[in-house]
Amino acid sequence: MEWMGYLKGVLPPWFWQMIERDFTKEKQEKMEEIRLRLDRCASLTIGGENVRVSCLCDEKELQGILVRCCRGSLYAYRESIKNGYVPLPYGMRLGVVGQAVVEGQQVTGVGRVSALVFRIPRRVVGAAKDVVAFWRARRGCGILVCATVAGGKTTLLKDFIVQISSGEMGVRCAVVDTRGELCPDTLGELVDVLEGYPRGVGLEIALRTMSPQVIVCDELGHGEIEGVMEICHSGIPLVASLHARDRDDLLKHHLGRQLLDTGAFQGLCFIDRLREGFRTRMEVYRG
Amino acid sequence: MRMLGFALIVMGGWGISLHLVREMKQNISTWVACGDFVRYIRLQIDCFLSPQDQIFHSFSHPILEGNGLLPALRSGEDMEVAVKGIKDKQLADMMLRFGRELGQGYREEQLRVCDFYLAQMVTHRECEEEKMPSQIKIKRTVCMVGAMLVGLLFL
């Protein structure tokens with residue numbers, strides 16, 4: 001559990017002591033989120049359930065944690081802090097909540113930090129089993145993975161990357177990993193990662209310079225429609241994710257419809273979050 | 001025999017004066033080294049937004065390696081521990097304050113912090129350099145005269 005060692009280093013010692021005192025080793029390993037709030041109770045998410053813990057953090061402590069997560073160099077992470085997060089080692093992510101510093105119409109930083117959210121990713125071996133089978137059966141089609149927030153999209157994509165790029169499949173895979181969550185330590189063998197690139201730029205570079213057999217990208221947005229269209233025209237399959245609960249939700253979604261209209265996706269994967277883990281449903285999309 | 005003792009005491013005084021002058025020059029070199037270090041940090045933040053640990057690993061200076069500042073910073077120690085090897089209390093204090101402010105703000109703020117400490121270091125160094133010739137004379141004279149007086153007492 002290397003991520004635990006990292007968290008011990010950045011969280012205040014008293015907080016970790018409290019976790020070790022109040023939670024069993026098994027529960028500690030199942031932690032999905034740690035939320036620290038300014039002058040309000042902190043909480044942990046364990047197996048999808050929110051557990052309140054009675055400890056308060058003051059402004060100085062939250063700022064200290066943020067600076068430690070930024071390797072003592074807040075200035076180096078300004079761009080990601082502006083976007084509300086700091087990428088951490090082991091595929092973890094720190095969400096930064098606070099008062100926006102706005103100049104003109106642009107957010108230039110976060111002033112008074114009021115909450116910090118550590119998201120701890122899970123490697124679920126075999127999570128993408130159905131997606132890989134679907135993908136193989138259709139000789140590498142484009143797949144759009146849909147789920148709600150924290151529904152397991154990233155976990156599924158990570159397993160997908162590992163499965164298709166390793167072993168007998170051995171597919172050259174280009175990963176556009178804007179937030180540093182997809183590519184961490186459990187990489188497959190034939191994976192090339194564009195880390196920290198804005199998605200649009202990353203997709204273009206992956207397409208033009210890396211000659212991949214599949215491109216994987218997390219959480220597409222409005223800005224990437226053109227890039228997706230270009231990938232579609234090039235014939236390289238794209239496996240990406242999007243926030244949507246089910247097919248109806250996806251079709252109601254303006255961005256969802258736009259993405260489907262590009263013709264880049266022939267398969268849809270919906271993730272249902274269960275109490276323990278999640279279940280995937282594969283559907284064919286015929287446009 | 002007495003004359004030999006006198007000569008030895010005078011030579012001892014001369015040696016002490018040499019040591020004091022060398023120490024003074026070393027002190028100024030440490031100020032220069034710390035100035036170079038702060039200038040390098042400024043450049044790395046300004047051009048590359050490099051995180052601190054990366055900056056500490058990419059910078060090298062024989063004086064700051066020798067007094068343990070850089071090795072300590074590279075191993076992740078706080079500035080409070082790192083400045084322990086700096087003999088000049090004023091410089092150690094300035095580096096400590098600089099270390100406390102480093103990394104706590106965004107780029108523009110950090111550049112201003114670097115500029116502020118850099119300006120203070122340059123001013124102090126120039127002042128010390130200006131005083132150095134007269135200080136050397138005073139130290140040499142005091143040591144020599146002191147040694148002679150002690151020598152004369154034993155004659």
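Buried area is the accessible area that two parts lose on being put together, summed over both. Keep that in mind for the first exercise, and remember throughout that this is a predicted model.

**Exercise 1. The A–B interface**

Task: Work out how much area is buried between chain A and chain B, and which residues of chain A lose the most area to chain B.

Solution.
- Step 1: Start with the area. Chain A and chain B bury about 1,100 Å² between them, and carbon and sulfur atoms give 52% of that.
- Step 2: Count who takes part. Chain A brings 12 residues to the contact and chain B brings 16 residues.
- Step 3: Look for the big contributors on the chain A side. Arg71(A), Tyr75(A) and Arg78(A) lose the most area to chain B, and together they make up 58% of what that side buries.
- Step 4: Check the charges. There are 2 salt bridges between chain A and chain B. Arg71(A) turns up again here: Arg71(A) pairs with Asp53(B), with 3.1 Å between the closest N and O atoms.
- Step 5: Follow Arg78(A) too. Arg78(A) belongs to a salt-bridge network together with Arg42(B), Asp46(B), Arg107(B), Glu108(B) and Asp115(B).

**Exercise 2. Salt bridges in chain B**

Task: Take the pairs Arg100(B)–Glu80(B) and Arg97(B)–Asp93(B), and say where the partners sit along the chain.

Solution.
- Step 1: Recall the cut-off, a side-chain nitrogen of Lys or Arg within 4 Å of a carboxyl oxygen of Asp or Glu. By this rule the count is 27 salt bridges over all chains.
- Step 2: Try the first pair. The closest N and O atoms of Arg100(B) and Glu80(B) are 3.4 Å apart. Arg100(B) is in helix H6 (residues 89-101) of chain B and Glu80(B) is in helix H5 (residues 79-82) of chain B, so this salt bridge ties together parts that are 20 residues apart in sequence. Glu80(B) is partly exposed, at 46% relative accessible area.
- Step 3: Now the second pair. Arg97(B) and Asp93(B) meet at 3.8 Å, N to O. Both sit in helix H6 of chain B, 4 residues apart, so about one helical turn separates them. Arg97(B) is partly exposed at 34% relative accessibility, and Asp93(B) is partly exposed at 39%.
- Step 4: For one more case, go to Glu65(B) and Arg74(B), whose side chains form a salt bridge at 2.7 Å, N to O. Glu65(B) is partly exposed at 25% relative accessibility, and Arg74(B) is partly exposed at 25% as well.

**Exercise 3. Nonpolar residues, inside and outside**

Task: Find which residues touch the most other members of the largest nonpolar core, then find which residues make a nonpolar surface patch in chain B.

Solution.
- Step 1: The largest nonpolar core has 41 residues, and the ones that touch the most other members are Leu7(A), Phe15(A), Ile34(A), Leu36(A), Leu66(A) and Phe118(A).
- Step 2: Ask what builds this core. Helices H1 (2-10), H2 (13-22) and H4 (59-69) of chain A each supply at least two residues, as do strands E1 (31-37), E2 (40-46), E5 (93-103) and E6 (106-119) of chain A.
- Step 3: Zoom in on Phe118(A). Leaving aside neighbours within four places in sequence, Phe118(A) has contacts that include Leu7(A), Ile34(A), Leu36(A), Cys69(A) and Leu88(A).
- Step 4: Another core lies apart from this one, with 34 residues, among them Phe37(B), Tyr40(B), Ile55(B) and Tyr117(B).
- Step 5: Move to the surface. Met3(B), Val145(B), Leu149(B), Leu152(B) and Leu155(B) make a nonpolar patch of about 480 Å². Helix H7 (residues 107-154) of chain B gives the most, with 3 residues.
- Step 6: Place Leu155(B). Leu155(B) is in the segment after H7 of chain B, and is partly exposed with 40% relative accessible area.

**Exercise 4. Loops and positive phi**

Task: Locate Asp39(A) and Leu49(B), and give the phi of Asp39(A) and of Leu49(B).

Solution.
- Step 1: As background, most residues other than glycine have a negative phi.
- Step 2: Asp39(A) is not a glycine, yet has a positive phi of about 55°. Asp39(A) is in the loop between E1 and E2 of chain A.
- Step 3: Leu49(B) also has a positive phi without being a glycine, about 50°. Leu49(B) is in the loop between helix H1 (2-48) and helix H2 (52-58) of chain B, and is partly exposed at 31% relative accessibility.

Definitions and conventions:
Residues are numbered from 1 along each chain as its sequence is written. Chains are lettered from A and ligands numbered from 1 in the order in which they are written. This is a predicted model: local features need pLDDT of at least 70, side-chain atom pairs count only at pLDDT 80 or more; totals for chains, interfaces and linings use all residues. Side-chain values use heavy atoms; hydrogens and water are left out. Patches are made of residues with over 30% relative accessible area and no salt bridge: like charges are joined within 9 Å, nonpolar side chains (Val, Leu, Ile, Met, Phe, Trp, Tyr) within 5 Å. Accessible areas come from the Shrake-Rupley method with a 1.4 Å probe; for residues, only the protein chains shown count as cover. Buried means under 20% relative accessible area, exposed over 50%, partly exposed in between (1.4 Å probe, protein chains only). A nonpolar core is a set of buried Ala, Val, Leu, Ile, Met, Phe, Trp, Tyr and Cys residues joined through side-chain atoms within 4.5 Å. Contact means heavy atoms within 4.5 Å. Buried area is the accessible area (1.4 Å probe) that two parts lose on being put together, summed over both.
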